[in-house]
Amino acid sequence: MTSKIIGVGNYIPSETITNLFFENHHFLDEKGITLKQDNATIAGKLKEITGIEERRYANKDQVTSDLGFIAAQEAIENSGIDPETLDYIIFAHNFGDVRSGTIQSDAVPSLASRVKHLLKIENNYCVAYDVLFGCPGWIEGVIQANAFIKSGIAKRCLVIGAETLSRVVDIHDRDSMIYADGAGAAILEINEGDAGIKSHLSASHTLNEKDYLFFGKSYNQESSDDVKYIKMIGRKIYEFALSNVPTAMKKCFDDSGYSIDQLNKIIIHQANEKMDEAIVKRFYQLYDTPMPEHIMPMVIEKLGNSSVATIPTMLTMIMKDELCSHEINEGDVVLFASVGAGMNINAIVYKF
C-alpha cells in the first residue's frame, strides 16, 4: 500500500518580469560597494549561470495563500474529488503571506487554514497545517502525506507549495534577480496498485551549513531600518549541492529497487540551471552512465526560482502537455529531488 497522485494543479502568475526590469537597479556587494559591472553585464552573467531570463511576479492584490488556493482548486478539479473528503491539507512555504508594499510576514492562522477556508470545506477533521523546510518543502509535504496514508491515518491529502519571493528580496542584491512567485499542488490518495511512491529520503545538514541561506540586512548600508531579506552564500550552496545531492538521489533511487536504465525522468528543484545539470550528471556518474538527453526538464528560463513551487508547477505543466520534449506516461519511473535552506535535501522515486 502506498499513495498515488490523482490530481495536479498550478498557478503561474501573469506578470512577466524580464531581465530588463533590473536595468536601473543599484546593485551593491555585501560591503555596500557598487558593483563594477553594468546591469546589462550582470543580467547576462545571471542568464549564463542560472538560465534565467524571465520570472513571474504575483499581482499586487495577491498573497502566497491566494496563489496556493488557485493551484489547489485546479488540483481538486483535475482529480475529480469532493474536497470534503480530504483528510489533510499540507501547505509548504517559507515566508507566509507578505502583502505587496509591506515588510511583515503573516502566517497566523496558517496558510493551509486559509486555503481550507477559501475552499469552503466544512469537514472539521480535515487537518490543515504548514511546512517550513526551505525549497524542498513541497516534497517533504508529499513525504508526510505518504506517511499518513501508509499508516492508515489518512486516505486522501492535498499538498501545496507556494511562495511570493519577490516580496522578500533586497533590491540592491543581484541575487534578487533569481527569485520568482508561483504555486503548485497535488492530491495524493491511498493506492494498493503498482503506481505510487516507491522510496523517499530526507536529510538536514545543519552542523556547518545552517546559514548558507539566511535572512540578512540589505546591502544598502545607508539604510537605517532593520528590515531583513533573503540572502544566500551562492558558492557554498553550489559546492554543497554538488557534493551531497547526487549521493542522496542515488540512495533514494537504490532503495526503490529499480535499475538506472528504468529511470524515465528527473524532476529537480529549479534553483540554477547550471547547478541542476551538474547535479544530474554527477548522479549518473555514480552509475558509470552518461546523462541521457531529455531526462531533466527545465522551466527556470521563463519562470525563475519560485522555491517550493518549482517542482509541483513543472509536474503540472508536464501532465498538461505544456512542455515540449517532455511527457510522463503510465508506468514511467520518475525521481523527484530538491535542495534548499536548512540545508535540507530530499528525494522521492515515483511510478506513474
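How close do the axes of helix 2 and helix 3 come, and at what angle do they cross? I opened my notebook with that one, keeping in mind that this is a predicted model.

**Entry 1: two helices meeting**

I looked up helix 2 and helix 3 (residues 111-118) and found that their axes come within 9 Å and cross at roughly 50°. That makes helix 2 oblique to helix 3, since angles from 65 to 115 degrees would count as roughly perpendicular and those under 35 degrees as roughly parallel. I also noted the hand of the crossing, which is right-handed.

Next I listed who touches whom. Helix 2 brings Thr-64, Ser-65, Asp-66, Gly-68, Phe-69 and Ala-72 to the contact, while helix 3 brings Leu-111, Arg-114, Val-115 and Leu-118. Sorted by class, I get five nonpolar, three polar and two charged residues.

**Entry 2: a closer look at helix 3**

Which residues of helix 3 are buried? I wrote down Leu-111, Ala-112, Arg-114, Val-115 and Lys-116. These buried residues pack against helix 2, and also against strand 4, strand 5 and strand 6. Just after helix 3 I met Lys-120, which has a positive phi, near 60°.

**Entry 3: the sheet**

I then followed the strands. Five of them form an open sheet, in the order 1-7-6-4-5, with mixed pairing. At the edges I found strand 1 (2-11) and strand 5 (127-131), each pairing on one side only. On average, neighbouring strands here are turned by 20° against each other, ignoring direction.

How many bridges join strand 1 to strand 7? I read off nine, and the two strands run antiparallel. As one pair to find on screen, I picked Ser-3, whose bridge partner in strand 7 is Ile-190.

**Entry 4: helices on the sheet**

Back to helix 2 (residues 64-79), this time against the sheet. I see that helix 2 lies across strand 1, strand 4 (88-92), strand 6 (156-164) and strand 7, running at about 125° to strand 1. Helix 8 packs on the sheet too, touching strand 1 and strand 7, and its direction makes about 90° with that of strand 1.

**Entry 5: helix 8**

Is helix 8 (residues 310-319) mostly covered or mostly uncovered? I found it mostly covered, with nine of its ten residues buried. Among them are Ile-311, Pro-312, Met-314, Leu-315, Met-317 and Ile-318, and the threonines Thr-310, Thr-313 and Thr-316 are buried as well. My last note is on Asp-321, which follows helix 8 and has a positive phi, near 60°.

Technical notes:
Residues are numbered from 1 along each chain as its sequence is written. This is a predicted model: local features need pLDDT of at least 70, side-chain atom pairs count only at pLDDT 80 or more; totals for chains, interfaces and linings use all residues. Side-chain values use heavy atoms; hydrogens and water are left out. Buried means under 20% relative accessible area, exposed over 50%, partly exposed in between (1.4 Å probe, protein chains only). Helices (H or I, at least four residues) and strands (E, at least two) are DSSP runs, numbered from the N terminus. Two strands pair if DSSP finds at least two bridges between them. Axes are lines fitted to C-alpha atoms, for helices over the stretch in contact, and angles run from 0 to 180 degrees between N-to-C directions. Contact means heavy atoms within 4.5 Å. Angles under 35 degrees count as roughly parallel, over 145 as roughly antiparallel, 65 to 115 as roughly perpendicular and the rest as oblique. A crossing is left-handed if the near helix is turned anticlockwise from the far one by less than a right angle, and right-handed if clockwise. Ala, Val, Leu, Ile, Met, Phe, Trp, Tyr, Cys and Pro count as nonpolar, Asp, Glu, Lys and Arg as charged, and the others, Gly among them, as polar.
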